[in-house]
Amino acid sequence: MSRLQEILEENDLNPKLAGNEIRCKCIHRENHSSEGGKGDGSSSLFINPAKGVYNCFSCGEAGTLTRFLDHLGVEPYEAFEIVTDLKEEEDVAKVIQEKEPLLHDCRRLSKEYLSRGYRRTTLRKFLIAEASTGVTAIPYFENNKVVAIKTRWINAKGDREFHVEGILERKKFLYNLDKVSNAKKIALVEGESDVWRLDQYGIPAVATLGTSVTLDQALLLLDFEEVVLFFDNDIAGESAAKKLYKALDSHINISFAIYSSNDPGDCSEEEALECYNNPSDYFEYSLTLEDTDLTDAQDFANKFNEVKDIPFF
Ligand SMILES: [Zn+2]
């Protein structure tokens, strides 16, 4: 059973396979009250996993699969992983081929990120494009080839929404790794735009894409001599930082950026450079934490040490 089907089961949506689609209960329950005349919605919603879209034929609600998963409370990067896992390789190659030229069109840099102070040269380097009005396209590379493209926009309800074309194993991926793999020291951040911001300051960075850091991602970091953890200043960011510290500290040099903004994307150049050039050790970092319990981090480190020496894990 796919992760998507599991989620549908967990939410009691009663999924059933219908050809290439999955049919289930509508998630927009408010549209299916007894007076509305739109049926009870008990099996009126169709999901097309390969296209990454859904549609309720009874109430007419339709949208991207990522929006659907968001509605069920799935964390954005887990949704990202689920959606890309469902793609067929052949379809993907065609879509990427069609869309890639727009990424290279330097007249179409993302207006959103230009307005947020990202330089044209930075957006051009990472090929961050305006796919259509108000829609930003973010490509993901593996061995210098585009393997997936995320598009993001604000929907009619004012919420952020995104869609992914392509195949990307997020669990085994660090954003921007292929561009900085020769560096000895790097900053580790959560999101793509954090990478662009630090790059603008001359700091090489890779992103985990979310705070659910995986063992594979930790293994990839072993190739560096020093990693400065630059996660967001929130509980999830702290928890991820503690895990990587416990797993990697005995193998490579792990240090911490203590900075004042919420995430590195909002950090000033002066502060970011100071944090990167003179990072703090765990003792200093722990003084800034509300919760210094390392139990989860120790579990992660134990698993990491089990898999570390297995070839090709
Ligand atoms: Zn419906």
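1. A residue counts as exposed when its relative accessible area is over 50%, as buried under 20%, and as partly exposed in between. Keep that scale at hand, because Asn144, at 61%, lands on the exposed side of it. One thing to know before going further: this is a predicted model.

2. Asn144 has a neighbour worth looking at too. Asn143 is exposed as well, with a relative accessible area of 70%. You'll find Asn143 in the loop between E7 and E8, and Asn144 is in the loop between E7 and E8 too. What makes me point to them is the backbone. Most residues other than glycine have a negative phi. Asn143, however, has a positive phi of about 50°, and for Asn144 the value is near 65°, again positive in a residue that isn't glycine.

3. Next, the metal. Which residues hold the zinc ion? Cys26, Cys56 and Cys59 each give their SG atom, while His32 gives NE2, and the distances run from 2.1 to 2.3 Å. The angles between the four donor atoms fall at 100 to 119°, so the arrangement is tetrahedral. Read along the chain, the donors show the spacing C-x5-H-x23-C-x2-C.

4. The zinc site also ties together distant parts of the chain: His32 and Cys59 are 27 residues apart. His32 belongs to the loop between strand E2 (21-24) and strand E3 (45-48), and Cys59 to the loop between strand E4 (53-56) and strand E5 (62-64). Are these two donors buried or exposed? His32 has 8% relative accessibility, so it counts as buried. Cys59 is buried as well, because its relative accessible area is 13%.

5. A word on the cysteines, since you may be wondering about disulfides. The count is zero. Take Cys24: why does its sulfur not form a bond? The closest cysteine sulfur, in Cys26, is 8.1 Å away, which is too far; a disulfide would need the two sulfur atoms within 2.5 Å. Cys24 has 0% relative accessibility, so it is buried.

6. Now for the open spaces. The largest pocket holds about 830 Å³ and has 37 lining residues, with Pro76, Tyr77, Arg152, Arg160 and Phe162 nearest its centre. Two or more lining residues come from each of helix H2 (65-71), helix H3 (76-85), strand E8 (145-154), strand E9 (160-166) and helix H8 (192-200). H8 gives the most, with five residues. By class, the lining of this pocket splits into 18 charged, ten nonpolar and nine polar residues.

7. The second largest pocket has a volume of about 220 Å³. Its lining is made of Glu89, Val92, Ala93, Ile96, Gln97, Glu100, Lys145, Val146, Val147 and Ile167. Helix H4 (89-103) and E8 are the elements that give two or more residues here. Which of them supplies the largest share? H4 does, with six residues. As for chemistry, six of the lining residues are nonpolar, three are charged and one is polar.

8. There is also enclosed space. The structure has one cavity of 30 Å³ or more, and the volume of the largest cavity is about 40 Å³. Around the largest cavity sit Phe126, Tyr140, Phe141, Phe173, Tyr175, Asn176, Asp178 and Lys179. Strand E7 (135-142) and helix H7 (177-180) each supply at least two of the lining residues. Five residues of this lining are nonpolar, two are charged and one is polar.

9. Last, a contact to check on your screen. Gln298 is part of helix H13 (residues 295-307). Gln298 is partly exposed, because its relative accessible area is 31%. Which residue should you pair with Gln298? Try Lys246: the two are 52 residues apart in sequence, yet their C-alpha atoms are 6.2 Å apart in space.

Notes: Residues are numbered from 1 along each chain as its sequence is written. This is a predicted model: local features need pLDDT of at least 70, side-chain atom pairs count only at pLDDT 80 or more; totals for chains, interfaces and linings use all residues. Side-chain values use heavy atoms; hydrogens and water are left out. Donors are N, O and S atoms within 2.8 Å of the metal (3.2 Å for Na, K and Ca); water is not among the atoms, so sites may look incomplete. Four donors count as tetrahedral if all angles lie between 85 and 135 degrees; four count as square planar and six as octahedral if opposite donors are over 155 degrees apart and all others between 65 and 115; anything else is irregular. Helices (H or I, at least four residues) and strands (E, at least two) are DSSP runs, numbered from the N terminus. Buried means under 20% relative accessible area, exposed over 50%, partly exposed in between (1.4 Å probe, protein chains only). On a 1 Å grid over the protein atoms alone, a cavity is a set of points where a 1.4 Å probe fits but cannot get out, and a pocket is an open set with protein on both sides within 12 Å along at least five of seven lines; lining residues have an atom within 4 Å of a point. Grid points are joined across faces, edges and corners, and a volume is the space filled by probe spheres set on the points. Ala, Val, Leu, Ile, Met, Phe, Trp, Tyr, Cys and Pro count as nonpolar, Asp, Glu, Lys and Arg as charged, and the others, Gly among them, as polar.
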